[in-house]
Amino acid sequence: MSFTLKSRTLISRPTAVLLGSLIAASGAAGLLAATAAHAAVVGSVEVSPATGTDTTGISLTTSKGCPEAASHLIVAVKGSGFPSEGQNVVSNSPISTYTTTPGGGIVVPLTQTMRDYASTAGFTTLQGRYDFTLTCRTAFNGTSLGDFTAPIWFTSNTAYRNTDPAGPTATPSSSAPTNTGSPSPTQSASPTDTASPTDTASPTDTASPTDTASPTDTALPTDTATPGGGSQGISTDVNGGASGGGKGSLAATGTDVALVGTASALLVAAGIIVVRRTRAREEFPVTDTPNV
């Protein structure tokens, strides 16, 4: 029977501890790098005021709150003149120290101006685009749990705006014609009520004919003077009246006026005949001739 003795290489205890620490550190660094590489932009930031100068106080408001796991935040700015990895403008701070909007957004005022941050970075000319990044994190772990970003543009060394001066890129419009809907018929106007005819004026009453005046009694002819003699005349005095005394009118006697008028006319005619005969006798007197 033969025995084979295998030799083992022994490592000292201090060397093993050091080697383990290196392996652990490498693993942690790899984990942090992987986490940072996968940090996602979870929202946007509104920069106010929308326009300002290099000495204007700026405030950042996130579109919503940080993820629930985050308890702190930090803000950095990148752009012309700042380091490539960015320069912190808000240090690691508890989220609870900031006010929030009704929608849950976080309001973070910057403690200094862009001119101050440029002086800290060692340059004097602000130009072009600058990007703010608000990172949600924990107190002792710099791993991003979600980022909020917003740009501003310096159109001169002293003036900025929060919209791109070049304007948004226009999206190409589709060349396909849009379907035109069939035109809806417009409602015809409702006929207006015709005006009601006005009442014609009522004819006024014609004037009642006035009573014609009753013919007055013609005066009875007076007797003309007869030649060579006295005047003769015929009068028709009617005595008595409704009261029975004195002279009165024929109407008061109740006598028929027409009958009286006819009788008067006959009497006048008779009188005329008598007068003419009397005149004729006077003009041609009959004398007795003497007997021869």
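**Exercise 1. State how many helices and strands the protein has, and in which order they run.**

Solution. In this predicted model, the protein has four helices and 10 strands. Read from the N terminus on, the order of the elements is α-β-β-β-β-β-β-β-α-β-β-β-α-α.

**Exercise 2. Identify the strands that pair with strand β9, and give the sense of each pairing.**

Solution.
Step 1. Strand β1, residues 41–48, pairs with β9 in the parallel sense over three bridges. Within this pairing, Val41 has Asp147 of β9 as its bridge partner.
Step 2. Strand β8, residues 128–137, runs antiparallel to β9, and nine bridges join the two. Here Phe132 has Ala150 of β9 as its bridge partner.
Step 3. Strand β10, residues 159–161, pairs with β9 in the antiparallel sense over two bridges. Phe154 is matched with Tyr160 of β10. A hairpin of four residues provides the connection from β9 to β10.

**Exercise 3. Determine whether strand β9 is largely enclosed or not, and explain why.**

Solution.
Step 1. A residue is buried when its relative accessible area is under 20%.
Step 2. Strand β9 spans residues 146–154, and seven of its nine residues are buried; therefore β9 is largely enclosed by the rest of the structure.
Step 3. For the protein as a whole, buried residues make up 20% of the 292 residues.

**Exercise 4. Describe the exposed surface and the sequence range of the contacts.**

Solution.
Step 1. The protein exposes about 21800 Å², of which carbon and sulfur atoms supply 57%.
Step 2. Consider contacts between residues at least 6 apart in sequence: 55% of these join residues at least 24 apart.

Definitions and conventions: Residues are numbered from 1 along each chain as its sequence is written. This is a predicted model: local features need pLDDT of at least 70, side-chain atom pairs count only at pLDDT 80 or more; totals for chains, interfaces and linings use all residues. Side-chain values use heavy atoms; hydrogens and water are left out. Buried means under 20% relative accessible area, exposed over 50%, partly exposed in between (1.4 Å probe, protein chains only). Two strands pair if DSSP finds at least two bridges between them. Contact means heavy atoms within 4.5 Å. Accessible areas come from the Shrake-Rupley method with a 1.4 Å probe; for residues, only the protein chains shown count as cover.
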